[in-house]
Each structure stands twice: as C-alpha cells, then as structure tokens.
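I wanted to learn how the parts of this chain sit against one another, and I kept notes as I went.

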Amino acid sequence: MTVTAPAGFEAAGVAAGLKSTGKPDVAVVVNRGPLTVGAAVFTSNRAKANPILWSQQAIQDGVVEAIVLNSGGANCFTGSFGFLTTHLTAERAAELLGVSAGDIQVCSTGLIGTGDQVFRDKVLAGTEAAIGALSPDGGEDAARAIMTTDSRPKTTIVAGDGWTIGGMAKGAGMLAPGLATMLVVLTTDAVLTSAEADEHLRAATRVSFDRLDSDGCMSTNDQVTLMVSGASGVTPTPEAFRSALIAVCTDLATQLQSDAEGASHDITIEVIHAASEDDAVEVGRSVARNNLFKAAIFGNDPNWGRVLAAIGTTAAEFDPYAVDVEMNGIRVCSNGGPDQPRELVDLTPRATKVVIDLKVGDAAATIYTNDLTHDYVHENSAYSS
C-alpha cells in the first residue's frame, strides 16, 4: 500500500541527520515512465516556503521526473539562501538521475526558519543517499522519512481495471484548508495527459484534503503531487479514474485526521440540504473551527447550542430556527430547539458524526475535524527547536 504499488515507480527513505532522533528524514520518489506526467496543488497561504516557490515554477510544464522530500526542517523564511538550497537539491537529484532540474519537485516539512548550511549539507547528502537506495519496494521507507509529529506513516492504494493509484502522506497538525500541513505524493500507472492529471487532482483535493480542518491553522509548506507513469498502458475512463483518485485522497485525509496532534475524537461534520455547496462548506467549517464546540466534544458533551452559535456567524442561507442537529445518530436539536435528551448521545467513541440539516436546498458537504484537547496544547507548546 505505497507509492511504489503502481508500475513504473521507485522510492527510498534514508536518515540524513536532519532529525535529532536519527530516524529517516529524506525521501525520493522517481517515475521511470514511460510517461513522466505530473500535476500538483499547493498551499493557498501567501507565506510560502522555498520548496513551494520552486515547485510551483517547475510544475508549469506538466512534467515530474522525481520528487525529493525532507522532514526535519521547513526551509521556510530562510531567504535567498534557502531558495538556493532547494535549487541545489533539484540539481543534485537531476544530475544523479540524468534528467532536468526543472522536472524535479522538492518538498520540505518541519520547523519554520530551519535551513542553514548544516541543513543544506544534510539535505544534499540525503538526496544522494536516497537516490542510491531507490527500489520498487522503497515506498514504505519513503513514507516514514516524511513524518514529523506523525505517530505512523500514511499510505494507501486503489486498484482500477488494469491500473493502480498509490499514495503516501504526512501531517498531524496545522490541518486546515489550503491542504493542511501535509505533504502528499500520489502515483499512478494509468495513462493520462498533464491536463487530465491536473483536472483530476484539483477535483479530488477539493473534496478531500481541502475539507480537512483539524485546527484552523494553515501551513506554509503544503503540497499534493500526482505522478503519472503510464506503465500499465491502460487509459481509464475519466469517471473511473476520478472516482479512484477521490477515494485515495479521502482515505489519506481521514488517516491524517485520525493522527491529528493530541486529538481524542475524529469529528465528521455533514451539512445537508444547503442552498449551495459553498454554503454547506462554510457552515461545516464554522463548526470545525469553533473552539467551544471542539472543547465540548472533548468533554463528551453533545452541546448542540454551540453548533447553532457557530453556524450563525456565517453568511450561508438558512433560518436558525429551522435547523436540525444530529449527533452520533441522535437528533438533539429540531427546528432550532431541543429535541431528544442529550443523555441519549454517546460521545465516548473516537468516531463522532454531526449532521446539520439547513432545510433550504439540495446541496451538501462534509468537513473533517478533531476535538480540542490538553494534549494538543501540550504537544504544540513543546514543538520547537
């Protein structure tokens, strides 16, 4: 269940000394073709890390030969020196692989402001070591090398009719729209054009990673990359490929959700009967970002009043006194007033589902979030150099 499950890909993960733990921290995924099609989406944060600035330029031709990823340092707000580090990383990988540096994507994750000469030397050495260790079985090592505060690697595959999509992801905090603090690599041996890859990737991320809103914080280093080898020789129907890609992205997004820093509840917020999908997203996100609601769920309290208070801050079309709210299968609010007793709601399981019925239309959307815990505060107060 890794990025090397589709034909035409090799990967590796090595320890270059970026992490104080000595664990793997540099990964490389290489597309051996015959196609080297690529597409990528990036954080919408205006404050972008140097690897994002590089990769946004490099992806313009729709070609990705390989991607180099490091944990243990974000290389963000490290100035022109940091951008040169990214450029040198791409050049080192390109030289060793015999391709153009402009066809190498680069990703970094870790502490913002990390990216000095020591960092550069380790990233370059790690890139060389990882390329030397490339293997069709190296996907699991690559997935471990991109972890930061993650407790486990996140990988998945979906098999189509003669073709496959594989994926790996990292992320456990700063999970918010604009992709979350995530690095995601998706691979497929299906036959796609660069335009098709871009269109499918944007459609899939829109309903998966962009709907993951763990803590309302947007990262500077988010990137989701799709690499297409075409090694299967099979051209799937657009509907079949998009459906599979959405399944892969949703699986990875929920894996990220379930490993969110300090969380004790994974909360799925489903907004139904909205006037538009945008309204449904806005309403769901308003609840996902409401600290009072998140604290209530941490305390196993089905406080539906905090749900109504949160959605009342939006510009979505609805009547607050007509809204229904359901928690874990129990309708606790009907037409803006109390319904079933709160005592009937069991919030002790980690999986928590909230359904908000706006009763104004046919649109719907789902947002994924977590509760607000003591452990989240502790982990993020302790996360430093």
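The entries below cover two helix pairs, then some single residues in loops and a strand.

**Entry 1: the model.** I am working from a predicted model, and I keep this in mind for every entry.

**Entry 2: H1 against H2.** I looked up helix H1, residues 50-58, and helix H2, residues 79-97, and found that their axes come within 8 Å and cross at roughly 50°. An angle under 35 degrees would count as roughly parallel and one from 65 to 115 as roughly perpendicular, and H1 and H2 are therefore oblique to each other. I noted that the crossing of H1 and H2 is right-handed. From H1 the contact takes in Asn-50, Pro-51, Leu-53, Trp-54 and Gln-57, while H2 brings Gly-79, Gly-82, Phe-83, Thr-86, His-87 and Ala-90. Sorting the residues of this contact by class, I have five nonpolar, six polar and no charged residues.

**Entry 3: what covers H1.** I then asked which residues of H1 are buried, and the list is Asn-50, Pro-51, Ile-52, Trp-54, Ser-55 and Ala-58. The cover over the buried residues of H1 includes H2 together with strand E3 (37-42), strand E5 (104-108) and strand E9 (223-228).

**Entry 4: H5 against H6.** Next I turned to helix H5, residues 194-206, and helix H6, residues 238-258, which pack at an angle of about 45° with their axes 9 Å apart. H5 and H6 are therefore oblique to each other, and their crossing is right-handed. On the H5 side I wrote down Glu-199, His-200, Leu-201, Ala-203 and Ala-204 as making the contact, and on the H6 side Pro-238, Phe-241, Arg-242, Leu-245, Ile-246 and Cys-249. By class, the contact of H5 with H6 has eight nonpolar residues, one polar and two charged.

**Entry 5: H6 by itself.** I checked the length of H6, whose 21 residues should span 30 Å at 1.5 Å a residue, and the C-alpha atoms at its ends are indeed 30 Å apart, so the two values agree. Among the buried residues of H6 I list Phe-241, Ala-244, Leu-245, Val-248 and Cys-249, and further along the helix Leu-252, Ala-253, Gln-255, Leu-256 and Gln-257 are buried too.

**Entry 6: Leu-18.** I found Leu-18 in the loop between strand E1 (9-14) and strand E2 (26-31). Is Leu-18 buried or exposed? Its relative accessible area is 13%, and under 20% counts as buried, so Leu-18 is buried. Leaving aside residues up to four places away in sequence, Leu-18 touches Asp-25, Val-26, Asn-70, Ser-71, Gly-72, Phe-119, Lys-122 and Val-123. For one of these partners, Ser-71, I looked up the C-alpha separation from Leu-18, which is 7.2 Å although the two lie 53 residues apart along the chain.

**Entry 7: backbone details.** In the loop between E2 and E3 I located Pro-34, which a cis peptide bond joins to Gly-33, with omega about 20°. Asn-75 lies in the loop between strand E4 (66-70) and H2, and its phi is near 50°, a positive value in a residue other than glycine. Asn-75 is buried, with a relative accessible area of 1%. His-273 belongs to strand E10, residues 266-274, and its phi is near 55°, again positive in a residue other than glycine. With a relative accessible area of 35%, His-273 is partly exposed.

Technical notes
Residues are numbered from 1 along each chain as its sequence is written. This is a predicted model: local features need pLDDT of at least 70, side-chain atom pairs count only at pLDDT 80 or more; totals for chains, interfaces and linings use all residues. Side-chain values use heavy atoms; hydrogens and water are left out. Axes are lines fitted to C-alpha atoms, for helices over the stretch in contact, and angles run from 0 to 180 degrees between N-to-C directions. Helices (H or I, at least four residues) and strands (E, at least two) are DSSP runs, numbered from the N terminus. Angles under 35 degrees count as roughly parallel, over 145 as roughly antiparallel, 65 to 115 as roughly perpendicular and the rest as oblique. A crossing is left-handed if the near helix is turned anticlockwise from the far one by less than a right angle, and right-handed if clockwise. Contact means heavy atoms within 4.5 Å. Ala, Val, Leu, Ile, Met, Phe, Trp, Tyr, Cys and Pro count as nonpolar, Asp, Glu, Lys and Arg as charged, and the others, Gly among them, as polar. The expected span of a helix is 1.5 Å times one less than its number of residues. Buried means under 20% relative accessible area, exposed over 50%, partly exposed in between (1.4 Å probe, protein chains only).
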